[in-house]
Amino acid sequence: MLAVWGCSKEPAPTPPPPVREAPAAVQAAGPGASRSLGELPVVEGGSVAKVFAQKLARPTFLGETTAVHVKLPPPINRGLAGSLVRVVGEPSMPTVLFHSDTLARLGVIPASPGPDFFTLFARLPDSEVDRRGENERRLASGEFGAPTRETVLFNGRHPAARYEGLPMDPNAFARGALVPQTSCPQVPASTEAWWERTLMIRDPAVVLDPARTWDPCTGAGTKGGVWTFAHLMREMAQGSGVSPEAFVLEWLSLWLNDFQSNGDTVPARRKMYDEVIAPWAAASGALSSLEFNASTNRWEVVLRKPLDLDIAPFRLLAIINRIDLGGGTEYGGRSSNPGELRFIFGLTRPSPWGGGTEATCNLKPFTTIFEYGVPGEGCRAVTQWARQWVGLGMYPTFNEAYRSRLQRMTESVVRHGRAPGKGNQSALNQLRTNEVALAFPWELREFHLADEHPGTSKDTPSNGLLRVHTLALTPNDATHDFRTDPDVDFFVRTQVKNGVEQPVSIPSHCTARFTVPSSVNDRFFLGANAQVAPPTHWEAASAVATNATEVCARKEFSSNTCNGCHFKDTGTNDFTGVDNLAFTHVSPTSGIPARESRFLTGGGNGSMYVVPDAQFGAQVASWPFADLLRRHQRLQELAHCATCGWFIDMDAGYLKRMEALAGSVPLDVPPGAPGPTFTVGPILDVGVVRQLLELRPGLRLRSRDLPLDFLEPPAARVH
């Protein structure tokens, strides 16, 4: 999760009429207000079930034992409405589902959950059902802590209601009944202690562990320890062709000259030399200078000896578990992964000897975030990783046993060679920075071990140095005005709006599927950096406050940008004088333990932080947040109640046969994604459905172990 004091001139908004009556708990809240989660409405557990499992009377020709019924949202492509077949995901790895009512009429399945459901097939071992039942028993016994029956239903990242999860009834399943797949009927109650031990680890016992960290403020700790900036960079630099010291200097030097990516020219911030490189070089005992090279037309650092990585002026603030980011890259992506492991460091003064104190070590408004993709693929890899985190949560303190176990987990991710198919064989997904220490305004940058190809929205993993990369989902704020830009307005009111799941209810049901292309209307769109305050968020200038879908689309787009996520859409602009956060979700200047934003905490356990809509204000909508609660629930669900089945991939030729039989393929392409090479259209003929079922055995590929709910898109995206 990745602002200086200041404000932009904002005209006073004219209060528009409300889109939809919001719950009283949300309507009553003003800017920066925390409200009790107990004020959310209670709904029946069965009403939230979007996946049902049903044991077949006999296996299919492919050995599948179970029908998995999924409640799909209406297709984004309205022309596919009424299709008896739906295809989601990448055309090279499609997920094909058949209308449940149609299969019931054909006698393929015993019964259908309803007209909005589509079916695919899996092999679900009895042992998996038994495991789920045993886990439910252990949870109810209190083995993992005092349980609660109440689960908060999240609309994307917003608390929307409360409900009780339903058990996985093995006897009913064995009889062929429709068994709903919801969250656990009981889970360990969410507490700040669970957050601290399993999700956002900030305790001094960990981030100042003398055996594993080194504090540039005081000089205490172990240089090159496993949780230091130096260790992470040394592992990442292997295979780059340069020394770790040169690897880091080349990365820092990316601030010294203007650069361009996807048409976005990012001005240099040469204070990087004054604030970071030169003091670090001096502390390393090296003479340094910043010189202009006329032959290359670039500013370059000249060092008489390498930087001493062991005294890097980056202080560990937090180790973060983002298992909630696991899953496919897009809705329907037929994969499952354990999400990300992140390390957040704050910039401080470099010193070879330390000797400073919290008050004198010159904490700077600059964070560096290492974001690793946790190695592993498949449902079992995810559940095993989740159980390791739950195991950490069972320790009463951050003692040596806890820290040793956490070290084994982090080393399994950050060590060189953990991701053979990625740049430098490093599991790094991206490295991000968020700072105002080098210039105003605050700026966020992103770096990858990959070559970016914006035209195709694809990256090629590549060994070597860290390279600048466009920021995920975020427009170029140098060429697109955050209030009036026509391209942003067009994109939100067409592509994002088309991806909003219907029906919309503000704020209790507002989610959208979309991808952000590199260009919109033949103009470069994605930016190579993001500045904050301004922009404070992104507006759709022509959006109508009385149109719920447009209000939702604007929020979904803006809150997923770096600017909106770090300012107005999440209420990180609520400067009260106590949070000391300034455009970050984990503060680099508040000391140890680092303060968290109320977007994360909700204002405290049992609370939600309510933020007025950034464009239309609280008169139209307010959006509640309690993100650590959401992550806690997801972690517990994955560790205890995720049910893993084996799903068979179809060859890409299956879609060609489908097109030959039906004349079209009902592939629902997310807005902004490249279009397919075949004709897109609905399948309305029951006879074609029967033929497509019969084709499956001849076009099978491999089996994958996936959670039964793998088609449910993750609530969070990249932030």
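Contact here means heavy atoms within 4.5 Å. The structure described is a predicted model.

**Packing of helices α7 and α8**

Under that criterion, a set of residues in α7, namely Phe-229, Met-233, Arg-234, Met-236 and Ala-237, meets Pro-244, Glu-245, Phe-247, Val-248 and Trp-251 in α8. By residue class, this contact of α7 with α8 divides into 8 nonpolar and 2 charged residues, with no polar ones. Two packed helices are described by the angle between their axes and the distance between the axes. For α7 (residues 229–237) and α8 (residues 244–252), the angle is about 100° and the axes are 9 Å apart. Because angles of 65 to 115 degrees count as roughly perpendicular, α7 is roughly perpendicular to α8.

**Nonpolar cores**

The largest nonpolar core comprises 123 residues, and Trp-280 and Phe-343 are those with the most contacts inside it. Helix α9 (residues 271–283) contributes the largest share of this core, with 8 residues. Another core, of 27 residues, lies apart from it; Phe-121, Tyr-654, Val-689 and Leu-695 are among its members.

The surroundings of Trp-280 can be listed in detail. When residues up to four places away in sequence are not counted, Trp-280 touches Phe-229, Val-248, Leu-252, Leu-307, Asp-308, Leu-309, Ile-311, Ala-312, Pro-313, Phe-314 and Pro-350. Two of these residues also belong to the helix contact described above: Phe-229 on the α7 side and Val-248 on the α8 side.

**Strand β20 and its partners**

Strands of a sheet pair through backbone hydrogen bonds, either parallel or antiparallel. Strand β20 (residues 428–435) is mostly covered, as 7 of its 8 residues are buried. With strand β19 (residues 366–373), β20 pairs in the antiparallel sense over 7 bridges. Within this pairing, Glu-435 in β20 stands opposite Phe-366. Strand β20 is also joined to strand β21 (residues 442–448), by 5 bridges and again in the antiparallel sense. Here Leu-431 has Phe-447 in β21 as its bridge partner. The connection from β20 to β21 is a hairpin through 6 residues.

**The sheet β1-β28-β29**

An open sheet of 3 strands follows the order β1-β28-β29, and its pairing is antiparallel. Strands β1 (33–36) and β29 (622–625) each have a single partner strand and stand at the edges, so one side of each is left without a neighbour in the sheet. On average, and with direction ignored, neighbouring strands of this sheet are turned by 35° against each other. Strand β1 pairs with strand β28 (residues 607–612) through 4 bridges in the antiparallel sense. One pair of facing residues is Ala-33 and Val-610, the latter in β28.

**Backbone features in loops**

Most residues other than glycine have a negative phi, and most peptide bonds are trans. The table gives the departures from this pattern that are described here.

| Site | Feature | Value |
|---|---|---|
| Pro-534 and Pro-535 | cis peptide bond | omega about -10° |
| Ile-592 and Pro-593 | cis peptide bond | omega about 0° |
| Gln-425 | positive phi | phi about 55° |
| Asn-521 | positive phi | phi near 55° |

These sites can be placed in the chain. Pro-535 lies in the loop between β27 (530–532) and α13 (548–559). The loop between α14 (562–565) and α15 (598–601) holds Pro-593. Gln-425 is found between α11 (400–414) and β20, in the loop that links them. Asn-521 occupies the loop between β25 (519–520) and β26 (523–524).

What is the exposure class of Gln-425, and what is its relative accessibility? Gln-425 counts as partly exposed, at 34% relative accessibility. Asn-521 is likewise partly exposed, with a relative accessible area of 42%. The class covers values between 20% and 50%.

Val-504 is placed in the loop between α12 (486–498) and β25. Because buried means under 20% relative accessible area, Val-504 counts as buried at 5% relative accessibility. Val-504 and Thr-549 are 45 residues apart in sequence, while their C-alpha atoms are 6.3 Å apart in space.

Notes:
Residues are numbered from 1 along each chain as its sequence is written. This is a predicted model: local features need pLDDT of at least 70, side-chain atom pairs count only at pLDDT 80 or more; totals for chains, interfaces and linings use all residues. Side-chain values use heavy atoms; hydrogens and water are left out. Axes are lines fitted to C-alpha atoms, for helices over the stretch in contact, and angles run from 0 to 180 degrees between N-to-C directions. Helices (H or I, at least four residues) and strands (E, at least two) are DSSP runs, numbered from the N terminus. Angles under 35 degrees count as roughly parallel, over 145 as roughly antiparallel, 65 to 115 as roughly perpendicular and the rest as oblique. Ala, Val, Leu, Ile, Met, Phe, Trp, Tyr, Cys and Pro count as nonpolar, Asp, Glu, Lys and Arg as charged, and the others, Gly among them, as polar. Buried means under 20% relative accessible area, exposed over 50%, partly exposed in between (1.4 Å probe, protein chains only). Two strands pair if DSSP finds at least two bridges between them. A nonpolar core is a set of buried Ala, Val, Leu, Ile, Met, Phe, Trp, Tyr and Cys residues joined through side-chain atoms within 4.5 Å.
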